[in-house]
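Visitor: I have a model open on my screen and would like a walk through its strands, helices and odd backbone spots. Could you take me round?

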Amino acid sequence: MKIAIIGIGSVGSAVATAVKNTGFVHEMVLFDRDGVRARAAAEDLGHAASFGFDVKITAVSSYRGIKGSDIVIISAGANQKIGETRTDLLNKNVEVIKDIIPKVMANVDIKRVKIIMVTNPLDVLVMLAQRISKLPSGKVIGTGTMLDSARLRTILSRQLSVSTKSICGNVLGEHGDSSVIDWSSINIDGIKLDDFCKQIKISLPMTTKNTICHRVHNAAYEIIQGRGATWDGIGAAVSDLLRCIINDEKRVLTVSCVSGIGNDTVAMSLPRIVGKDGVIITLKPKLSSIESNALRKSAKIIRKNYNLINN
């Protein structure tokens with residue numbers, strides 16, 4: 001399995017490290033417009049690989065170097081800065097993706113390649129990448145709310161004193177400020193959240209749920225405030241998505257891809273079965289009326305932002 005990573009900044013480097021550590025990749029190619037940085041990252045990762053899995057890691061200065069890649073991960077673009085929302089990155093990163101995608105598509109096998117999008121604002125750029133690449137929507141996949149959902153499970157784990165692995169709970173919609181927690185479907189090993197709380201005698205009133213929602217929405221901002229950017233979480237999310245594709249695991253992940261949402265077609269995160277061919281099917285969670293309305297609002301925000309780049 002050959003993987004190409006486009007953009008080797010703090011996020012791309014974390015993605016490369018996480019991908020290397022999966023043990024499922026035999027060759028990894030790093031491309032960055034700063035060739036010195038790409039070569040340094042490839043050398044450093046190559047040294048690290050000697051302690052673990054054998055992976056051929058090279059830096060390339062031309063898109064021709066990604067030929068033969070089965071999966072292309074795009075993490076290039078400006079990072080979110082203190083005080084910025086993901087949407088604030090829109091104009092900066094649209095031009096980056098418009099430049100990258102045609103060059104990628106000119107050097108890959110369109111019948112087998114899959115693109116994983118990491119660059120923000122994620123959902124809008126998934127739509128843009130899918131349109132430019134002309135790949136089937138299920139083969140242009142954004143990490144979506146995988147990380148948001150992980151943050152939710154982590155917060156709930158601490159609140160309930162139970163392992164994150166026992167918590168089934170998702171964040172849906174935009175990978176951004178309009179994301180929606182699917183409270184209706186949260187369960188702990190099959191036990192509905194409210195029933196679980198009663199059994200372990202923990203109160204989880206609406207005020208607490210609102211606080212959890214606020215913490216999920218603001219987790220990235222707090223991390224950016226403290227260390228300048230977020231990278232470890234998204235690196236882990238990408239490697240998990242990659243593992244699911246490579247092993248054809250057919251797990252349900254909250255990834256973003258272009259699909260019909262109500263009367264529109266946008267990219268946003270919903271529970272989706274993912275395997276070797278990318279997104280296989282989109283599932284429809286049973287939401288409360290409040291959650292459904294919030295999800296439709298999230299879709300409208302994504303559509304509005306996407307329309308901005310086409311005007």
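Guide: Sure. When I say that residues meet, I mean contact, that is, heavy atoms within 4.5 Å. Keep in mind that this is a predicted model.

Visitor: Let's begin with helices, then. Which residues in α2 do A16, T17 and K20 in α1 meet?

Guide: Helix α1 covers residues 10–20 and helix α2 covers residues 35–49, and their axes come within 11 Å. On the α1 side, the contact is made by A16, T17 and K20. Their partners in α2 are L45, A48 and A49.

Visitor: How do the residues of that contact divide by class?

Guide: Alanine and leucine count as nonpolar and lysine as charged. The contact of α1 with α2 therefore divides into 4 nonpolar, 1 polar and 1 charged.

Visitor: Are α1 and α2 roughly parallel or roughly antiparallel?

Guide: The two axes cross at roughly 25°. Angles under 35 degrees count as roughly parallel. So α1 is roughly parallel to α2.

Visitor: On to α3 and α4: at what angle do they pack?

Guide: Helix α3 spans residues 90–105 and helix α4 spans residues 122–133. Their crossing is right-handed, and the two are roughly parallel to each other. Their axes lie 9 Å apart, and the packing angle is about 30°.

Visitor: How many nonpolar residues does the contact of α3 with α4 have?

Guide: From α3 come L90, N93, V94, I97, K98, I101, P102 and M105, while α4 brings V124, L125, L128, A129, I132 and S133. By class there are 2 polar residues and 1 charged one, and the nonpolar count is 11.

Visitor: And α4 with α9: roughly parallel or oblique?

Guide: The axes of α4 and α9 (residues 289–308) come within 9 Å and cross at roughly 55°. The roughly parallel class needs an angle under 35 degrees, and the roughly perpendicular one starts at 65. An angle of roughly 55° falls in neither, so α4 is oblique to α9.

Visitor: How many charged residues does the contact of α4 with α9 hold?

Guide: D123, V124, M127, L128 and R131 in α4 meet I302, R303, N305 and Y306 in α9. Asp and Arg are among the residues that count as charged. Alongside 5 nonpolar residues and 1 polar one, the charged count is 3.

Visitor: I noticed a kink in my reading just before α4. Which peptide bond is cis, with omega near 0°?

Guide: Look at the loop between β5 (114–117) and α4, where P121 lies. The cis bond, with omega near 0°, runs from N120 to P121.

Visitor: Time for strands. What is the strand order in the open sheet of 3 strands?

Guide: The edge strands are β7 (167–168) and β11 (191–192), since each pairs on one side only by the bridge rule of at least two bridges. Strand β10 (residues 187–188) pairs with β7 in the antiparallel sense over 2 bridges. That gives the order β7-β10-β11.

Visitor: Which residue in β10 is the bridge partner of I167?

Guide: Strands of a sheet pair through backbone hydrogen bonds. In this case, the partner of I167 in β10 is I188.

Visitor: What about D189, buried or exposed?

Guide: D189 lies in the loop between β10 and β11, and its phi is near 50°, a positive value in a residue other than glycine. Its relative accessible area is 66%. The cut-off for exposed is over 50%, so D189 is exposed.

Visitor: D248 is another aspartate with a positive phi. How much relative accessible area does it have?

Guide: D248 is found in the loop between α8 (232–246) and β12, with a phi of about 50°. It counts as partly exposed, with a relative accessible area of 23%.

Visitor: Last stop: which residue takes a positive phi in the hairpin of β12 and β13?

Guide: Strand β12 (residues 251–261) is mostly covered, with 8 of its 11 residues buried. It pairs with β13 (residues 264–275) in the antiparallel sense over 11 bridges, and I261 stands opposite D264. The hairpin has 2 residues between the strands, and the one with a phi near 65° is G262.

Terms used: Residues are numbered from 1 along each chain as its sequence is written. This is a predicted model: local features need pLDDT of at least 70, side-chain atom pairs count only at pLDDT 80 or more; totals for chains, interfaces and linings use all residues. Side-chain values use heavy atoms; hydrogens and water are left out. Helices (H or I, at least four residues) and strands (E, at least two) are DSSP runs, numbered from the N terminus. Buried means under 20% relative accessible area, exposed over 50%, partly exposed in between (1.4 Å probe, protein chains only). Axes are lines fitted to C-alpha atoms, for helices over the stretch in contact, and angles run from 0 to 180 degrees between N-to-C directions. Angles under 35 degrees count as roughly parallel, over 145 as roughly antiparallel, 65 to 115 as roughly perpendicular and the rest as oblique. A crossing is left-handed if the near helix is turned anticlockwise from the far one by less than a right angle, and right-handed if clockwise.
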